[in-house]
Amino acid sequence: MTKRIFKYICLVALAVFLACMLLIMGVLYEYFTGEAKAQLRAQTDLAAQGVARNGIGFFDGLDTTDYRITLVGADGNVIYDSAADAEEMKNHADREEIAAARETGSGESSRYSETLTRRSFYCAKLLPDGSVLRLSCTQSSVIALMLGMLQPILVIALIAALLSLFFASKLSKRIVQPLNELNLDEPLKNDCYDELTPLLRRIESQHRQILLQLELLRQKQDEFEAVTGSMNEGLLLLNDKGTVLSINAAAARILDADRGCVGQDALTLNRSVAMQELLEKVLGGEQAQAQLELSSGIYELDASPVMSDGRLRGAALLLFDVTDKADAEQMRREFTANVSHELKTPLHSISGCAELLLNGMVKPEDVKQFDLQIYSEAQRMIRLVDDILRLSRLDEGAIDMQRSCCDLFELSRSTLDALQSEAQAAGISLSLEGGSAVINGIPQLLDSIIFNLCDNAIKYNKPGGSVCIRVEDFPDHAVLTVSDTGIGIPAEHQTRVFERFYRVDKSHSKEIGGTGLGLSIVKHAARLHKAKIELESTPGHGSSFRISFSK
Ligand code: ADP
């Protein structure tokens, strides 16, 4: 900019200088020409009077350095010429000034020399005898004048150029410097020339507008982050190239990424085939779904393209945790398969016995044994179906069961009473320790917990062994412990015995009428009471199930 200002100032100065030179020279040249003509006219008049009085003798001894004098006869032939031989000169009747003088009494003309460097002025006057007296003087032309003055003009031009260079540089600096030093953060605080004030005001208002819009944008961003940050679902926003624009806390946690992944390709977060196919589809403008199996669980990925003006601008990816759903689905499948399997065995047994009885293939003395077999298998099925029904009620949250104040000690006592004969038959002694502990619970479920634990403690005990129920009351919780001196549970099975149909020794469990659902019922019932189960067991020495109910 400085250079341009500088250049234009120099050009303007040069143009002004040249124009002034031309104007001054033109005016002066015209002025001096007028003066020369007036003088020529006066001299012609004087000379005409002299010639009229003295005839040609007037020219004798006359100094004709400044003027050329020509006397042309009435026939146009030159009679006298102060600069040339009159006899050798052509007829002058057709010369413009001579012809005019003959006609009107006086005539004037001017002519340039061949080189245009000189200009001659002619003034002619008609004398009484019909001859014409002509005086002429010569003057340098404008071009010659300028050529003659070239040197001083060049010197002046040089001085003018230097001066204009100096002032142009100073001026351009004075114009540009305040612009360079402008404080654009606080435009109105600048002390600058007045012409800049409207611009500075405009900058100030735009500055304020930008700050306002930035603030609004920041607020919107904060709101967006607050909303997406508190979401349980993962949210990923991508641009049309698949680059991550935004990732919320849940998505970062699920994909084990940090906020530094913003700006990177989405594939760097997960390179599975499912993810690749999903991205390909969504960046092609289609909705897409996929399931990702990550170390943290199973996630459903729902991707939608973001379109604007018919063009793909990016994509939004939502990640839902479907681990529980998938687990539940898996459990349901396994449960159905297990139930069918568990029911098939007694049914086959019943049907086989019944078929033999029907065909009369059983000896009369064996009929009772077959009847017993059918009865026990049917009982097993009834127990199994009862347990399945109980479990399904627990799965639904036992909504039809009422809560009330229950004394764990009293419930334990009645359960032990009910199991007394079974224990006696197995040679197991039962005992109850501790005291009353009242909690708010569902009596049927608490009863199931105590019954299943005690039943197992008797079933998986050794002859002459013992089972002890201990009820303890604390200010904020109550503890029920069922311990036995039975066969115990190996460490590797301890976490799995609470799974449905899981048995440490399948054949032994079936032999003693186990359904494989007892501890699952205990786990579910305890969960509904928000109770914590702890199992301690040493194979060959016994087990202890400790359930802690918060009040
Ligand atoms: P079941 O009907 O087979 O007893 P449970 O769910 O009640 O089914 O128990 C699962 C398995 O845990 C049993 O098959 C058994 O192997 C083991 N178990 C449960 N309680 C005890 C215990 N008190 N002592 C030893 N093993 C036990």
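## Salt bridges, internal spaces and surface of a predicted model

A search of the whole structure finds 23 salt bridges, a salt bridge being a side-chain nitrogen of Lys or Arg within 4 Å of a carboxyl oxygen of Asp or Glu. The structure is a predicted model, in which local features need pLDDT of at least 70 and side-chain atom pairs count only at pLDDT 80 or more, while totals for chains, interfaces and linings use all residues. Residues are numbered from 1 along each chain as its sequence is written, and side-chain values use heavy atoms, with hydrogens and water left out.

### Salt bridges

Three of the pairs are set out here with their N to O distances.

| Pair | Distance, N to O |
|---|---|
| Arg333 and Glu329 | 3.5 Å |
| Arg503 and Glu342 | 2.9 Å |
| Asp400 and Arg393 | 2.7 Å |

Arg503 and Glu342 form a salt bridge that links distant parts of the chain, since Arg503 is in the loop between helix H12 (491-494) and helix H13 (506-511), whereas Glu342 is in helix H8, 161 residues apart. Helices (H or I, at least four residues) and strands (E, at least two) are DSSP runs, numbered from the N terminus. Both Arg503 and Glu342 are buried, where buried means under 20% relative accessible area, exposed over 50%, and partly exposed in between (1.4 Å probe, protein chains only).

Arg333 and Glu329, by contrast with a pair that spans distant segments, are 4 residues apart in helix H8, and so are separated by about one helical turn. Arg333 counts as partly exposed at 44% relative accessibility, and Glu329 is also partly exposed, at 35%. In the pair of Asp400 and Arg393, Arg393 is partly exposed with a relative accessibility of 36%. Elsewhere, Glu97, Arg111 and Arg134 are joined into one network by salt bridges that share partners.

### Cavity and pocket

Rolling a probe the size of a water molecule over the atoms shows where empty space is left. On a 1 Å grid over the protein atoms alone, a cavity is a set of points where a 1.4 Å probe fits but cannot get out, and a pocket is an open set with protein on both sides within 12 Å along at least five of seven lines; lining residues have an atom within 4 Å of a point. Grid points are joined across faces, edges and corners, and a volume is the space filled by probe spheres set on the points.

By this rule there is 1 cavity of 30 Å³ or more, and the largest cavity has a volume of about 40 Å³. Its lining is made by Glu342, Pro346, Arg380, Leu384, Gly514 and Thr515, so that Glu342, the buried partner of Arg503, is also a lining residue under the 4 Å rule. Helix H8 (323-358) and helix H9 (367-395) each supply at least two residues of this lining. By class, the lining of the largest cavity has 2 nonpolar, 2 polar and 2 charged residues, with Ala, Val, Leu, Ile, Met, Phe, Trp, Tyr, Cys and Pro counted as nonpolar, Asp, Glu, Lys and Arg as charged, and the others, Gly among them, as polar.

The largest pocket has a volume of about 700 Å³. Of the 37 residues that line the largest pocket, Asn452, Asn456, Lys459, Tyr460 and Gly518 are the closest to its centre. Two or more lining residues come from each of H9, helix H11 (443-459), H13, helix H14 (518-528) and strand E17 (542-550), and the largest share, 10 residues, is given by H11. The lining of the largest pocket divides into 13 nonpolar, 14 polar and 10 charged residues.

### Surface patch and backbone

Val155, Ile159, Leu163, Phe166 and Phe167 make a nonpolar surface patch of about 480 Å². Such patches are made of residues with over 30% relative accessible area and no salt bridge, like charges being joined within 9 Å and nonpolar side chains (Val, Leu, Ile, Met, Phe, Trp, Tyr) within 5 Å, and accessible areas come from the Shrake-Rupley method with a 1.4 Å probe, with only the protein chains shown counting as cover for residues. Val155 lies in helix H4 (residues 150-180) and is partly exposed, with a relative accessible area of 46%.

Two residues other than glycine have a positive phi: for Asp256 the value is near 55°, and for Phe501 it is near 65°. Asp256 is placed in the loop between helix H6 (249-254) and helix H7 (273-282) and counts as exposed at 73% relative accessibility, whereas Phe501 lies in the loop between H12 and H13 and counts as buried at 6%.
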